[in-house]
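Trainee: Could you take me closely through the open and enclosed spaces of this model, and then through the packing and the individual residues that help to place them?

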Amino acid sequence: ARALTPQTAETDAIRFLVGTQSLRYDNQIHIIDFDDENNIINKNVLLHQVGEIWHISTSPADKGVVATCYNKTSDTKVMTCAAVWRMPKELESGSHESPDDSSSNTQTLELLCHLDNTAHGNMACVMWEPMGDGKKIISLADNNILLWDLQESSAKAVLSSSTALEGKGQLKFTSGRWSPHHNCTQIATANDTTVRGWDTRSMRQIYCIENAHGQLVRDLDFNPNKQYYLASCGDDCKVKFWDTRNVTEPVKTLEEHSHWVWNVRYNHSHDQLILTGSSDSRVILSNMVSISSEPFGHMVDDDELSDQEDQHPEEKIKEPLQDSVIATYEEHEDSVYAVEWSSADPWLFASLSYDGRLVINRVPRALKYHILL
């Protein structure tokens with residue numbers, strides 16, 4: 001497995017979706033519900049009979065709607081296609097009841113529509129407009145950016161605009177991210193070693209970070225609280241943080257992984273928390289306070305200081321917190337291809353390795369209280 005996503009529209013129950021990559025059997029989407037009070041994982045399985053899943057994403061507005069990019073083998077070639085699906089009604093929202101024994105009869109997904117890419121090439125990923133009503137989707141296919149409008153309760157996808165990367169050689173997008181800022185009119189894409197920003201209204205390029213990484217850029221994510229901040233990671237084992245207004249140098253670079261970094265994710269609520277997953281089989285949680293929206297942490301007020309003065313006068317000056325690695329998680333034995341924060345619990349995250357192992361972890365309690373108090 002290499003495809004993982006939180007169920008974005010589900011903000012009460014902790015729920016992740018995993019897509020499988022099996023060549024021999026029908027592929028599946030596993031719906032993982034985590035009951036954090038009892039530390040129990042419940043799982044439901046949906047059949048995805050069209051092929052191995054390379055990418056999965058969920059509608060921000062409708063709990064039942066999910067998009068996948070999958071391999072389809074025709075006579076001579078393998079194509080990566082994309083489609084939008086609906087889950088069975090009873091599985092739409094996260095529930096804490098454990099499924100009955102009859103849960104072995106697997107259910108199927110209902111196809112809503114294909115994002116028809118016959119003219120455009122292989123689909124790398126599908127991105128939903130983050131704040132929208134779930135009707136706008138962007139897909140990246142080879143060197144094309146395609147903006148789709150989903151109509152008639154998502155049963156039809158109309159291509160509303162597109163643009164293509166021009167240049168020498170075989171240009172291909174590897175990944176992209178829709179910015180939650182600027183009224184959702186910007187996306188960032190990665191192709192080869194370059195990161196580009198695009199305006200979705202004009203489909204024009206608005207910034208370009210050439211040689212953002214020494215090797216292939218694998219993933220991107222936007223800071224949820226600071227509108228010009230963007231993280232990237234890649235095959236040079238580095239994670240870099242950019243201010244898109246000045247792209248000559250990264251603002252910060254993390255060099256903690258020893259192999260390709262496949263994934264980088266900002267925490268949705270506390271933007272100093274950064275999660276990365278790599279094919280060194282490790283997941284690293286970093287605290288990037290200096291470039292977060294609260295660089296000095298929790299401000300101390302004067303009353304607190306006067307009480308402490310007798311005991312620890314040196315504590316009067318509040319030092320800005322240092323950037324640091326909070327924890328390294330080594331539960332995986334294979335390449336970690338995906339890390340994601342829960343959309344319901346800001347302190348909880350999941351990671352997925354190629355051998356199909358899904359691990360759920362929490363931000364260490366001491367750090368959680370340090371951030372909150």
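Mentor: A residue counts as exposed when its relative accessible area is over 50%, as buried when that area is under 20%, and as partly exposed in between. The model is a predicted one, and the values below are computed from it.

With those cut-offs, Asn211 counts as exposed because its relative accessibility is 56%. Asn211 sits in the loop that joins strand S17 (204-209) to strand S18 (217-222), and, once its neighbours within four places in sequence are left aside, Asn211 is in contact with Thr193 and Thr194. With Thr193 there is also a polar contact, made from side chain to side chain at 3.3 Å. Thr248 lies 37 residues from Asn211 in sequence, and the two C-alpha atoms are 9.9 Å apart in space.

Strand S18, at one end of that loop, leads on to the largest pocket, since S18 is among the strands that each supply at least two residues of its lining, together with strand S1 (3-6), strand S5 (53-58), S10, strand S14 (173-178), strand S22 (261-266) and strand S26 (336-341). The volume of this pocket is about 1500 Å³. Its lining comprises 49 residues, and those that lie nearest the centre are His55, Gly176, Arg177, Arg265 and Glu340. By residue class, the lining divides into 24 nonpolar, 16 polar and nine charged.

The enclosed space can be set beside this. There is one cavity of 30 Å³ or more, and about 30 Å³ of space lies in it. Val239, Leu254, Glu256, His257, Thr276, Ile284 and Ser286 form its lining, which divides into three nonpolar residues, three polar and one charged.

Strand S10, which supplies at least two residues to the pocket lining, also gives two or more residues to a nonpolar core, and the core is best taken as a whole. The largest nonpolar core has 17 residues, of which Val84, Leu115, Met123 and Ile137 touch the most other members. The elements that give two or more residues to this core are strand S6 (65-73), strand S7 (78-86), strand S9 (110-115), strand S10 (123-128), strand S11 (136-141) and strand S12 (144-151). Leu115 illustrates the packing: beyond its neighbours within four places in sequence, Leu115 is in contact with Ala82, Ala83, Val84, Met123, Val126, Ile137, Ser139, Trp148 and Ala157. Apart from this core lies another, of 16 residues, among them Ala3, Leu17, Ile56 and Val66. As a general background, nonpolar side chains tend to be buried together in soluble globular proteins.

Leu17, one of the residues of that other core, is also a contact of His30, which, with neighbours within four places in sequence left aside, is in contact with Phe16, Leu17, Val18, Thr20, Lys43, Asn44 and Val45. His30 belongs to strand S3 (residues 27-35) and counts as buried because its relative accessibility is 13%. The side chain of His30 makes a polar contact with the side chain of Gln28, at 2.7 Å.

Glu294 completes the set of accessibility classes, being partly exposed because its relative accessible area is 47%. Glu294 is placed in the loop between strand S24 (283-287) and helix H1 (302-308), and its C-alpha atom is separated by 38 Å from that of Leu91, which is 203 residues away along the chain.

Technical notes
Residues numbered from 1 in each chain as written. Predicted model: local features only at pLDDT ≥ 70, side-chain atom pairs only at ≥ 80, totals over all residues. Heavy atoms only, no water. 1 Å grid on protein atoms, 1.4 Å probe; cavity = no way out; pocket = protein on both sides within 12 Å on 5 of 7 lines; lining within 4 Å. Points joined across faces, edges and corners; volume = space filled by probe spheres on them. Nonpolar A, V, L, I, M, F, W, Y, C, P; charged D, E, K, R; others polar. Core = buried A, V, L, I, M, F, W, Y, C linked by side-chain atoms within 4.5 Å. Buried < 20%, exposed > 50% of the residue type's maximum accessible area, 1.4 Å probe, protein only. Helix = DSSP H or I, 4+ residues; strand = E, 2+ residues; numbered from the N terminus. Contact = heavy atoms within 4.5 Å. Polar contact = N/O pair within 3.5 Å; in protein donor to acceptor, adjacent residues only side chain to side chain.
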